[in-house]
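Let's take a walk through this model together, starting with the overall picture and then zooming in on a few residues. Keep the viewer open as you read.

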Amino acid sequence: MLKTLMGEIKPIAGEYKFSETIKSIGYYEQDLKWENPEDIPFNIISQEYPDLTPKQVRKYLADVRSKKGACNAEN
């Protein structure tokens, strides 16, 4: 369903409309292959920014608007 919403595959049936308040949608594919199984996005951000709490790391990863090189996660 997410791939349909993202426009990656055609819908089988029906239609949908995003709320005008939706600015963007993002997701992490479940079938990503990592050379090192420990190199998941959560661990990569945690290692790069060790002062962030787990809650801040999750917020940063969920914030699809954060396309800059800096990490600006807040509580």
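**Surface, helices and a small core**

The accessible surface of the protein chain adds up to about 6800 Å², and carbon and sulfur atoms own 52% of that. Bear in mind that what you're looking at is a predicted model. The chain has 75 residues, and buried ones make up 12% of them.

What does the secondary structure look like? You'll find three helices and zero strands, so the pattern along the sequence reads α-α-α. As for contacts, take those between residues at least 6 apart in sequence: 15% of them join residues at least 24 apart.

How far should you trust the coordinates? The average pLDDT for the protein chain is 76, and 73% of the residues score at least 70. Looking at the elements, α1 comes out with the lowest mean pLDDT, 80, while α3 has the highest, 88. Then there's the stretch from 68 to 75: pLDDT stays under 50 there, and the model has 14 contacts beyond four places in sequence for these residues.

Now for the inside. Nonpolar side chains tend to be buried together in soluble globular proteins. Which residues form the largest nonpolar core here? There are five: Ile 45, Leu 52, Val 57, Tyr 60 and Leu 61. Helix α3, residues 54–62, supplies the largest share of this core, with three residues.

Val 57 is a good one to click on. This core member is found in helix α3. Its relative accessible area is 1%, and because the cut-off for buried is under 20%, Val 57 counts as buried. Who does Val 57 touch, once you skip residues up to four places away in sequence? The list is Phe 42, Ile 45, Ser 46 and Leu 52. Of those, Ile 45 and Leu 52 are also in the core. For Ser 46 there's a distance to check: Val 57 and Ser 46 are eleven residues apart in sequence, and their C-alpha atoms are 6.6 Å apart in space.

Next, swing over to the N-terminal helix. Thr 4 is located in helix α1. Is Thr 4 buried or exposed? With a relative accessible area of 15%, Thr 4 falls under the 20% cut-off, so Thr 4 is buried. Leaving out residues up to four places away in sequence, Thr 4 touches Ile 9, Lys 10, Pro 11 and Tyr 16.

Follow one of those contacts to Ile 9, which sits in the loop between α1 and α2. Ile 9 has a relative accessible area of 46%, so Ile 9 is partly exposed. With the same sequence filter, Ile 9 touches Lys 3 and Thr 4.

Another partner of Thr 4, Tyr 16, takes you out to the surface. Tyr 16 joins Phe 18, Ile 22 and Ile 25 in a nonpolar surface patch of about 340 Å². Where is Phe 18? Phe 18 lies in the loop between α1 (2–5) and α2 (41–48). Phe 18 has a relative accessible area of 35% and is partly exposed. Why can Phe 18 be part of a patch at all? Patches take residues with over 30% relative accessible area, and Phe 18, at 35%, therefore clears that cut-off.

Methods:
Residues are numbered from 1 along each chain as its sequence is written. Side-chain values use heavy atoms; hydrogens and water are left out. Patches are made of residues with over 30% relative accessible area and no salt bridge: like charges are joined within 9 Å, nonpolar side chains (Val, Leu, Ile, Met, Phe, Trp, Tyr) within 5 Å. Accessible areas come from the Shrake-Rupley method with a 1.4 Å probe; for residues, only the protein chains shown count as cover. A salt bridge is a side-chain nitrogen of Lys or Arg within 4 Å of a carboxyl oxygen of Asp or Glu. Helices (H or I, at least four residues) and strands (E, at least two) are DSSP runs, numbered from the N terminus. Buried means under 20% relative accessible area, exposed over 50%, partly exposed in between (1.4 Å probe, protein chains only). Contact means heavy atoms within 4.5 Å. A nonpolar core is a set of buried Ala, Val, Leu, Ile, Met, Phe, Trp, Tyr and Cys residues joined through side-chain atoms within 4.5 Å. pLDDT is the predictor's confidence in each residue, from 0 to 100.
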